[in-house]
Every structure is written in structure tokens, then in C-alpha cells.
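Hi everyone, thanks for making time this morning. I'd like to walk you through a structure that is probably new to most of you, so please have it open as I talk.

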Amino acid sequence: MKTKKIKSKRGGARKGAGRPKLNQPRFILSMSLDNSYADKFRQMAKDNNISQPKMFRLLLDQYHES
């Protein structure tokens, strides 16, 4: 005997749900550093109470200004 599968109306993707897309495409950057430099970088971000990506952008902006 075949039984008909009943579709659930719960769950699944919903239009407009989820995180909105970013306006700018992002680039993933991966690099290797000595532990001492990585620790210094983490500490810099922590001391400034900002994320590591924001800290990196700040350093690049300061470099560009000089």
C-alpha cells in the first residue's frame, strides 16, 4: 500500500530570511606569522577594543596616510 507523503509547512528557507549580503565583495586573506607577531597583533586589537580585521584595516590606512 502506497502512502502519500504530506508536506510539512514548517521549516525550510523563507524569502528575505538570513543575513543580508554585503555591499562590497570580501577577500579572504591568510598568512603565516611567527607566534610573537601574531600575539602582538591580537593584543593590539584587544587593547583598542576592535576586531582583528578592523585592526588590520586601521594599520593599512595609517600606512597609506604616511
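I'll take the pocket to begin with, then the surface, and then a few single residues.

One thing to keep in mind throughout: what you see is a predicted model.

Let's go to the largest pocket. Its volume comes to about 630 Å³. Which elements give two or more residues to its lining? Those are α1, running over 35-47, and α2, running over 52-65. Helix α2 supplies the largest share, with six residues. In total, 17 residues line the pocket, and if you want to find its centre on your screen, look for L29, F41, Q52, P53 and F56, which lie nearest to it. As for the character of that lining, twelve of the residues are nonpolar, two are polar and three are charged.

Now turn to the surface. There is a nonpolar patch here, made by F27, L29, M31, L33, Y37, F56 and L60. Together these residues have about 760 Å² of accessible area. Y37, one of the patch members, sits in helix α1. You may recognise two names from a moment ago: L29 and F56 belong to the patch, and both were also on the list of residues nearest the pocket centre.

Next, charges. How many salt bridges does the count give? It gives one. The partners are R42 and D39, whose side chains meet at 2.9 Å, N to O. Both residues are in helix α1, three residues apart, which is about one turn of the helix. Are these two buried, partly exposed or exposed? R42 counts as partly exposed because its relative accessibility is 44%, and D39 is partly exposed as well, with a relative accessible area of 45%.

Let me move along the chain to the loop between α1 and α2, where you'll find N49. The backbone here is worth a pause. Most residues other than glycine have a negative phi. N49, however, has a positive phi, near 55°, and is not a glycine. N49 is also exposed, at 71% relative accessible area.

For contrast, go on into helix α2 and pick out M55. With a relative accessible area of just 3%, M55 is buried, because buried means under 20%. If you'd like a sense of distance, compare M55 with G12: they are 43 residues apart in sequence, and their C-alpha atoms are 37 Å apart in space.

My last stop is P25, in the segment before α1. P25 is exposed, with a relative accessible area of 80%. From P25 to A45 is 20 residues along the chain, and 23 Å separates their C-alpha atoms.

So, to take away: a largest pocket whose lining draws its largest share from α2, a nonpolar patch on the surface, and one salt bridge, between R42 and D39. Thanks for listening, and I'm happy to go back to any of these views.

Conventions. Residues are numbered from 1 along each chain as its sequence is written. This is a predicted model: local features need pLDDT of at least 70, side-chain atom pairs count only at pLDDT 80 or more; totals for chains, interfaces and linings use all residues. Side-chain values use heavy atoms; hydrogens and water are left out. On a 1 Å grid over the protein atoms alone, a cavity is a set of points where a 1.4 Å probe fits but cannot get out, and a pocket is an open set with protein on both sides within 12 Å along at least five of seven lines; lining residues have an atom within 4 Å of a point. Grid points are joined across faces, edges and corners, and a volume is the space filled by probe spheres set on the points. Helices (H or I, at least four residues) and strands (E, at least two) are DSSP runs, numbered from the N terminus. Ala, Val, Leu, Ile, Met, Phe, Trp, Tyr, Cys and Pro count as nonpolar, Asp, Glu, Lys and Arg as charged, and the others, Gly among them, as polar. Patches are made of residues with over 30% relative accessible area and no salt bridge: like charges are joined within 9 Å, nonpolar side chains (Val, Leu, Ile, Met, Phe, Trp, Tyr) within 5 Å. Accessible areas come from the Shrake-Rupley method with a 1.4 Å probe; for residues, only the protein chains shown count as cover. A salt bridge is a side-chain nitrogen of Lys or Arg within 4 Å of a carboxyl oxygen of Asp or Glu. Buried means under 20% relative accessible area, exposed over 50%, partly exposed in between (1.4 Å probe, protein chains only).
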